[in-house]
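Here's a quick tour for anyone meeting this structure for the first time. Have a look at it below, then read on.

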Amino acid sequence: MLAARTTRLKEKLAKLEEEVKRLKAIEKQMLAAPGQRYPSPIPIPSMATRRARLCMVGYNVQAAVDTANI
């Protein structure tokens, strides 16, 4: 059981190290050419609009109020 857990943790660590390398490469590109736009490494949700070819960034924000404890 301990060996399986150790293996899983080593795999997770290897994936995180690869992600750090990828992000550092992106950072290096950005620092080499300031002022240019690069795609975000984090996916940004986009919503389709009524026009088929146009998409825009959008967030679904919801709020709730507890009137019993005001």
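Follow the chain along its sequence and you get the pattern α-β-β: one helix and two strands. This is a predicted model, so let's talk about confidence before going into detail. The chain has a mean pLDDT of 78, and 64% of its residues reach 70 or more. Helix α1 comes out highest, at a mean of 91, while strand β1 (residues 46–48) is lowest, at 59. Where pLDDT is low, it's best not to read the predicted coordinates in detail.

How much of the chain is buried? Of its 70 residues, buried ones make up just 4%. The exposed area comes to about 7500 Å², and carbon and sulfur atoms supply 59% of that.

Now for the charged side chains. Search the whole structure and you'll find one salt bridge. Its partners are R22 and E19, whose side chains meet at 2.8 Å, N to O. Both residues sit in helix α1, which covers residues 2–32. They are three residues apart there, or about one turn of the helix.

Are these two partners buried or exposed? Neither, quite: R22 is partly exposed at 36% relative accessible area, and E19 is also partly exposed, at 32%. Both values fall between the 20% and 50% cut-offs, which is why they get that in-between label.

Helix α1 also holds K12, which belongs to a positive surface patch along with R5, R8 and K15. K12 counts as exposed because its relative accessible area is 53%, and the cut-off for exposed is over 50%.

Here are the three residues side by side:

| Residue | Relative accessible area | Label |
|---|---|---|
| R22 | 36% | partly exposed |
| E19 | 32% | partly exposed |
| K12 | 53% | exposed |

To recap the charges: R22 and E19 pair up in a salt bridge, while R5, R8, K12 and K15 form the positive patch.

Terms used:
Residues numbered from 1 in each chain as written. Predicted model: local features only at pLDDT ≥ 70, side-chain atom pairs only at ≥ 80, totals over all residues. Heavy atoms only, no water. Salt bridge = Lys/Arg side-chain N within 4 Å of Asp/Glu carboxyl O. Helix = DSSP H or I, 4+ residues; strand = E, 2+ residues; numbered from the N terminus. Buried < 20%, exposed > 50% of the residue type's maximum accessible area, 1.4 Å probe, protein only. Areas by Shrake-Rupley, 256 points an atom, 1.4 Å probe, with all protein chains shown as cover. pLDDT = per-residue confidence, 0-100. Patch = residues over 30% accessible without salt bridge, like charges linked within 9 Å, V, L, I, M, F, W, Y side chains within 5 Å. Lys, Arg positive; Asp, Glu negative; His and termini not counted. Charge placed at Lys NZ, Arg CZ, Asp CG, Glu CD.
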